[in-house]
Amino acid sequence: MIWKRKHLLGLEELTAEEIVHILNTAETFKEVSTRSIKKVPALQGRTVVNMFYESSTRTNLSFQLAARRLSADTLGFSKSGSSVSKGETLVDTAKNIEAMGVDIMVLRHECAGTPKMLAENVGCSIVNAGDGQHEHPTQALLDLYTIREVKGTIEGLTVGIVGDIAHSRVARSNIWGLTKLGAKVMVVGPATLIPKDIKRMGVEVCFDMDRAVEECDVLNMLRIQLERQQGYNPFPSMREYIHLFGLTNDRLKKAKDDLIIMHPGPVNRGIELSPEIADGPRSVILRQVENGLAVRMAVLFLVAGVE
Amino acid sequence: MIWKRKHLLGLEELTAEEIVHILNTAETFKEVSTRSIKKVPALQGRTVVNMFYESSTRTNLSFQLAARRLSADTLGFSKSGSSVSKGETLVDTAKNIEAMGVDIMVLRHECAGTPKMLAENVGCSIVNAGDGQHEHPTQALLDLYTIREVKGTIEGLTVGIVGDIAHSRVARSNIWGLTKLGAKVMVVGPATLIPKDIKRMGVEVCFDMDRAVEECDVLNMLRIQLERQQGYNPFPSMREYIHLFGLTNDRLKKAKDDLIIMHPGPVNRGIELSPEIADGPRSVILRQVENGLAVRMAVLFLVAGVE
Amino acid sequence: MIWKRKHLLGLEELTAEEIVHILNTAETFKEVSTRSIKKVPALQGRTVVNMFYESSTRTNLSFQLAARRLSADTLGFSKSGSSVSKGETLVDTAKNIEAMGVDIMVLRHECAGTPKMLAENVGCSIVNAGDGQHEHPTQALLDLYTIREVKGTIEGLTVGIVGDIAHSRVARSNIWGLTKLGAKVMVVGPATLIPKDIKRMGVEVCFDMDRAVEECDVLNMLRIQLERQQGYNPFPSMREYIHLFGLTNDRLKKAKDDLIIMHPGPVNRGIELSPEIADGPRSVILRQVENGLAVRMAVLFLVAGVE
């Protein structure tokens, strides 16, 4: 297929064919990071600006490295030390940066919809690196890539997403991507963390972690974002959460032989999953990170519209 | 002419011929940013360090991008996370950075005169990116460039600078540049924000915004720097300031057909000017930003003394 | 010799031959920084990540510049704005960064032993840029380089290290390096700042600054790290410290003609040494900084294992 989109705002708007095209493009780039000279000249002379209004380590570094390996110039930009404190609107900031001849803006923002707003107001490409509780498309794409790489296909698999479904942009983007590619998605967690109308997205709801472990081919263990849950308590205690939904060796005994464990990171060791599982043979967590780079190279390359 | 200066400290010290030479050099660089590969090898292997002791988005990014497009290596450096907190003097910090083989230091500092002090104490080139209430030469140069580009010439034009003249390094640098190039400069604002002896700089003082709008060919609307005015009140209320000096559609009715509106950014929408004017056909605000890059490429190139 | 180490964790573990090999390699790189095009392609396509969990100006910039001059890609990473605040372990952060295909991590951390811990847990090269009160190997290497450059040799010299020996990783790394290369080391300072068992490291302890000035060929004046000594007072007053151990012109009168003065920076002018001495003919402080770049280029080049 011929890629026509200028932006990557989310997986909701992509067709299955488009998603597969990104994954295939990523495959050709994955090899680059294994070379001793990890560079291709694809985006030479282009400029990518990382606008991160929320703190991030891995996504920020991953996008920067992806841009560098395509030979693009990258510029960082964070909330602190910028004009945000001077009261400039986000669109004005973006228009100013655009006027400097920037080709791609990678945006992380605490408000859902900001990437779309920028895409409607500036001429350069916008890549969503996470917007509020809305979408985190490159995370879902790297999850899809990793599942396809390990399992050979996505269609027909049962994928469990476990944890705080209600507040998770990772869950939302994964659900869009997985269902489009033909997987059966099971969302697992306490009732307080699963939106009432989530079934409309085509997923099954499951409150029983043991059943999920038994039935799934893939378990994506979401991070319990302690820092986002101050002020209200979605579950009585962390101990109870671990008891009901934590992934332990005991619970894994009933799993399929080829069940794989994913996590978007950073891992709360001993909460979502035990340290032995995080570092164990079923875990593909670091492979996700590795694939993230290839996926982000593919996304930057495609939205740049380089021939 | 042959450029001989090693530093760019301010427009006060430049001759009209030198200013025009920078603008002409910028013209040759402007085209680079319109290419898909936005690079020239002019400063390959040179190192530019951005020392920003005051927060900044556009100036900082613009200098970084300018250096990159000349193929220089750039390094950022901000007050937080540096040895400033360990009590090192600025000259010692600069001498250390110089000892690492840095070619150009771009300095923004809250104290007037610091670029000059560094120029007298280190061997590398110093570019002033704003020092206290003293000068902001590259901002004035990009303003001059934009006026010349739109109007064809600067000589003979009437340029109004509106707002907080007393605290504005942008105003001071613009006044030096505009008067040297033969424009008539009118400073406009409440009496509390216009220095008593400003006429010595060769400008006309005007307290009547309506008259300024009528007579000027260019209006440069300075930012009301709310963050600098805590503790004393130069005007009774923001509402009164807007009433007397804000640029509204109503006020524009009496303007010349070809009046253009400038602003150094970031814009306080609805204060200095209405949103419709900021985004309207008279506004050249984003063109200023675009030209800023070309002007900064020219400045870095010239002070580097590359043949 | 053939370099075989993948990491640079400290000077304690290096042989004299290895230290000399680093210094000799640095010599070949020093010339690069004097060219107008300050680049060699040695690490082209490699990625160096600076992980600085303690604030730093000169070491951070020096490592970044060193990597750039070897044509490596560099990425910064600081405590603020990262996932550290999300509770991720350091090893997990490092494994994630490694998974992105990073070749070398340069680590500064407040805890002694963290570089070793990372070296045992990740596959990429670790360079210690200062760990707690343990070691700061590249600082000692640049000190050794500078002494050798000025004096011709290190063997047989008497080197005084003056100040807070107890808390100084610079002192420890210098002692390892100097004694291995055959210098006589004298540690000088108030008894409260000299560890009881320091003699085991093969040094002489001296409480008399005047004698040290008389006997030494090199004086390395450590920084009084005021920021680390809150809460307890190792000496009655700063005035008393200066009186007993500060390097003044008066005290220098009895020095050998070719005594040289070093300081790891940032200098507290008027405390460890007087401003005239810091800027005087005996001072090699800026030469240390200059050599630091060459030494760090050599270290990055060697641990990268490039043929």
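How many of the six residues of strand β1 (residues 47–52) of chain B are buried? Six of the six, so to speak a clean sweep, and the strand as a whole is mostly covered. Keep in mind while browsing these close-ups that the model is predicted.

**View 1. Strand β1 of chain B and its partner strand β3.** Here's that strand from residue 47 to residue 52. B:T47, B:V49 and B:M51 point one way from β1(B), while B:V48, B:N50 and B:F52 point the other way. Whichever way they point, all of them are buried. Next to β1(B) sits its pairing partner, strand β3 (residues 104–109) of chain B: the two run parallel and are joined by five bridges. If you want one pair to pick out, go for B:V48, whose bridge partner in β3(B) is B:I104.

**View 2. Strand β8 of chain B, paired with β5 and with β9.** Strand β8 covers residues 218–221 of chain B, with B:V218 and B:N220 pointing one way and B:L219 and B:M221 the other. Again, all of these are buried. Strand β5 (residues 158–162) of chain B runs parallel to β8(B), and four bridges join them. One spot to look at in that pairing is B:I161, which stands opposite B:N220. β8(B) also pairs with strand β9 (residues 260–262) of chain B, in the parallel sense once more, over three bridges. For this pairing, look at B:V218, which has B:I260 as its bridge partner in β9(B).

**View 3. The second largest pocket and the residues that line it.** This one has a volume of about 760 Å³. Its lining takes in 28 residues, and those closest to the pocket centre are A:K39, A:D73, B:K39, B:D73 and C:K39. Which strands contribute to the lining? β2 (73–78) of chain A, β2 (73–78) of chain B and β2 (73–78) of chain C each supply at least two residues. If you're thinking about chemistry, the lining splits into seven nonpolar, 12 polar and nine charged residues.

**View 4. Where chain C meets chain B.** On this side, 24 residues of chain C are in contact with 24 residues of chain B. The area buried between the two chains is about 2300 Å², and carbon and sulfur atoms give 52% of it. Three residues to label are C:T57, C:L61 and C:R68: they supply 22% of the area that chain C buries against chain B, more than any other three residues.

**View 5. Where chain C meets chain A.** Now for the contact with chain A, which pairs 24 residues of chain C with 24 residues of chain A. Together these chains bury about 2300 Å², with 52% of that on carbon and sulfur atoms. Which three residues supply more than any other three of the area that chain C buries against chain A? They're C:L75, C:K86 and C:M100, with 31%.

**View 6. C:A171, a residue in helix α6 of chain C.** The helix in question spans residues 169–180. C:A171 counts as buried because its relative accessibility is 1%, under the 20% cut-off. Setting aside neighbours within four places in sequence, C:A171 is in contact with C:I161, C:I165 and C:L222. As for C:L273, it is 102 residues away from C:A171 in sequence and 17 Å away in space, C-alpha to C-alpha.

**View 7. C:T248, in a loop of chain C.** You'll find C:T248 between α8 (238–245) and α9 (249–252) of chain C. Is this residue buried or partly exposed? At 29% relative accessibility, C:T248 counts as partly exposed. Its C-alpha atom is 8.7 Å from that of C:G270, a residue 22 places away along the chain.

**View 8. Backbone oddities in chains A, B and C.** Most residues other than glycine have a negative phi, and most peptide bonds are trans. The peptide bond from A:G265 to A:P266, though, is cis, with omega near -10°. A:P266 belongs to the loop between β9 (260–262) and α10 (275–278) of chain A. In chain C, the bond from C:G265 to C:P266 is cis too, with omega near -15°, and C:P266 lies in the loop between β9 (260–262) and α10 (275–278) of that chain. Then there's A:S71, with a positive phi near 70°, in the loop between α2 (58–69) and β2 of chain A. A:S71 is buried, at a relative accessible area of 17%. For B:S71, phi is near 70° and likewise positive; this serine is in the loop between α2 (58–69) and β2 of chain B and counts as buried at 17% relative accessibility.

Definitions and conventions:
Residues are numbered from 1 along each chain as its sequence is written. Chains are lettered from A and ligands numbered from 1 in the order in which they are written. This is a predicted model: local features need pLDDT of at least 70, side-chain atom pairs count only at pLDDT 80 or more; totals for chains, interfaces and linings use all residues. Side-chain values use heavy atoms; hydrogens and water are left out. Buried means under 20% relative accessible area, exposed over 50%, partly exposed in between (1.4 Å probe, protein chains only). Two strands pair if DSSP finds at least two bridges between them. On a 1 Å grid over the protein atoms alone, a cavity is a set of points where a 1.4 Å probe fits but cannot get out, and a pocket is an open set with protein on both sides within 12 Å along at least five of seven lines; lining residues have an atom within 4 Å of a point. Grid points are joined across faces, edges and corners, and a volume is the space filled by probe spheres set on the points. Ala, Val, Leu, Ile, Met, Phe, Trp, Tyr, Cys and Pro count as nonpolar, Asp, Glu, Lys and Arg as charged, and the others, Gly among them, as polar. Contact means heavy atoms within 4.5 Å. Buried area is the accessible area (1.4 Å probe) that two parts lose on being put together, summed over both.
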